[in-house]
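Biologist: I'm new to this and would love a close look at one part. Which residues come nearest to ligand 3? Please take it slowly and link that spot to what lies around it.

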Amino acid sequence: MSNAMLSRMLVAVACTLVVTLAASNGALAASGTGLLGDTHKAKAIECASCHDESPPAKAVGTAKCQQCHGGFKTLAAKTERNEPNPHASHQGDTDCAQCHHMHKASDDLCAKCHVTNWRVP
Ligand code: HEC
Ligand code: HEC
Ligand code: HEC
Ligand code: HEC
């Protein structure tokens, strides 16, 4: 096979990949990014509701989250349907950031050691 033919084939493969990615990005755009920061934005929670500094630059601590969401007792009641309960375990009252992130994909502290059957929002 000539080099020219080979490179045309590679271009064709690359184009197919681009189209596939663009299509799935479109689906994501329609349903939002799925990041928790955007969930808050959709509920009209402003940057300044979480960030004390302007413009926002630093991570936001657990105490700020709890001003709106309450403590682990309140949270545990909301996720009682889960077995085990992510908000009530032998890990105690950890920082929200052990699991939830706002502007990047969330983590799952429990999944470091257990198989979990939930999706951390
Ligand atoms: C100014 C109030 C406010 C602050 C501060 C706040 N939230 Fe929220 N949060 C909300 C509201 C309102 C919702 C939407 C609740 C609903 O839909 O019932 C929400 C929803 C959520 C949800 C559920 C999202 C879902 O998809 O089910 C999580 C998780 C969450 N917040 C975590 C956090 C964390 C972690 C912090 C701290 C970094 C935080 N929140 C700070 C008001 C706040
Ligand atoms: C060990 C991981 C973990 C930690 C730490 C954690 N969460 Fe969650 N959180 C979850 C998971 C998992 C869910 C989703 C449970 C489900 O799908 O039912 C959730 C759901 C929520 C929800 C939605 C509850 C609802 O009404 O369905 C809120 C609000 C929330 N978390 C806030 C917080 C806040 C605020 C903190 C810190 C004080 C925190 N979480 C700490 C794992 C965690
Ligand atoms: C519900 C609380 C909340 C809201 C609302 C929020 N942030 Fe954040 N922000 C955080 C948390 C928590 C972090 C720490 C990193 C993470 O969880 O993604 C953070 C980190 C940041 C950072 C530091 C860089 C980084 O990603 O760590 C910047 C910059 C930032 N936020 C900008 C914004 C802007 C701009 C808005 C408004 C459009 C906003 N944030 C709204 C909670 C919030
Ligand atoms: C560093 C590893 C580690 C992490 C992180 C961890 N676990 Fe565990 N967990 C264990 C070990 C070890 C046991 C005891 C072994 C056993 O009995 O299977 C255990 C036992 C449990 C049990 C059995 C009953 C109990 O309380 O002893 C539950 C439920 C549980 N974990 C839930 C959680 C949840 C929910 C999280 C996240 C908030 C979590 N674990 C995070 C290691 C971990």
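Modeller: Let's fix one word before we start: a residue is "around" a ligand if its C-beta atom, placed from the backbone, lies within 6 Å of it. By that rule, 16 residues are around ligand 3, and the nearest are Cys47, Cys50, Pro56, Ala59 and His101. Keep in mind that this is a predicted model.

Now sort that shell by class. It holds 9 nonpolar residues, 6 polar ones and 1 charged one. You can also sort it by where the residues come from. Helices α2 and α3 each provide at least two of them, and α3 has the largest share, with 3 residues.

So what joins those two helices? Between α2 and α3 there's a loop, and Ala44 sits in it. Ala44 is a bit of an oddball: its phi is positive, about 65°, even though it isn't a glycine. That's worth a second look because most residues other than glycine have a negative phi. Is Ala44 buried or exposed? Count the other C-beta atoms within 10 Å of its own: there are 7, and since 12 or fewer means exposed, Ala44 is exposed.

Step past α3 and you're in another loop, the one leading to α4, where you'll find Pro55. The peptide bond from Ser54 to Pro55 is cis, with omega near -5°. Most peptide bonds are trans, so a cis one is something to notice. There's another cis bond further along, joining Glu83 and Pro84, with omega about 0°. Pro84 lies in the segment after α5, and it's also one of the residues around ligand 4, along with others including His90, Cys110 and Cys113. Around ligand 4, the classes come out as 5 nonpolar, 4 polar and 1 charged.

Back to where the loop was heading: helix α4 contains Thr62. Thr62 has 16 other C-beta atoms within 10 Å, so it falls between the limits and counts as partly exposed. Look at its partners, too. Setting aside neighbours within four places in sequence, Thr62 touches Asp95 and Cys96. The C-alpha atoms of Thr62 and Ala97 are 7.5 Å apart, even though 35 residues separate the two along the chain.

Cys96 takes us to ligand 1, as it's among the nearest of the 17 residues there, together with Ser49, Cys65, Cys68 and Pro121. Two or more residues of that shell come from each of α2 (36-42), α3 (47-50) and α4 (62-69). Of these, α4 gives the most, with 5 residues. That means α2 and α3 turn up in the shells of both ligand 1 and ligand 3. Split by class, the ligand 1 shell has 9 nonpolar, 6 polar and 2 charged residues.

Finally, zoom out. The chain has 5 helices and 0 strands, and 3% of its 121 residues count as buried. How far should you trust the picture? The mean pLDDT is 82, with 74% of residues at 70 or more. Be careful with residues 9-31, though: the pLDDT there is below 50, and that stretch has 1 contact in the model beyond near neighbours in sequence.

Notes:
Residues numbered from 1 in each chain as written. Chains lettered and ligands numbered in written order. Predicted model: local features only at pLDDT ≥ 70, side-chain atom pairs only at ≥ 80, totals over all residues. Helix = DSSP H or I, 4+ residues; strand = E, 2+ residues; numbered from the N terminus. Nonpolar A, V, L, I, M, F, W, Y, C, P; charged D, E, K, R; others polar. pLDDT = per-residue confidence, 0-100. Contact = placed C-beta atoms within 7 Å. Buried ≥ 20, exposed ≤ 12 C-beta atoms within 10 Å, placed from the backbone.
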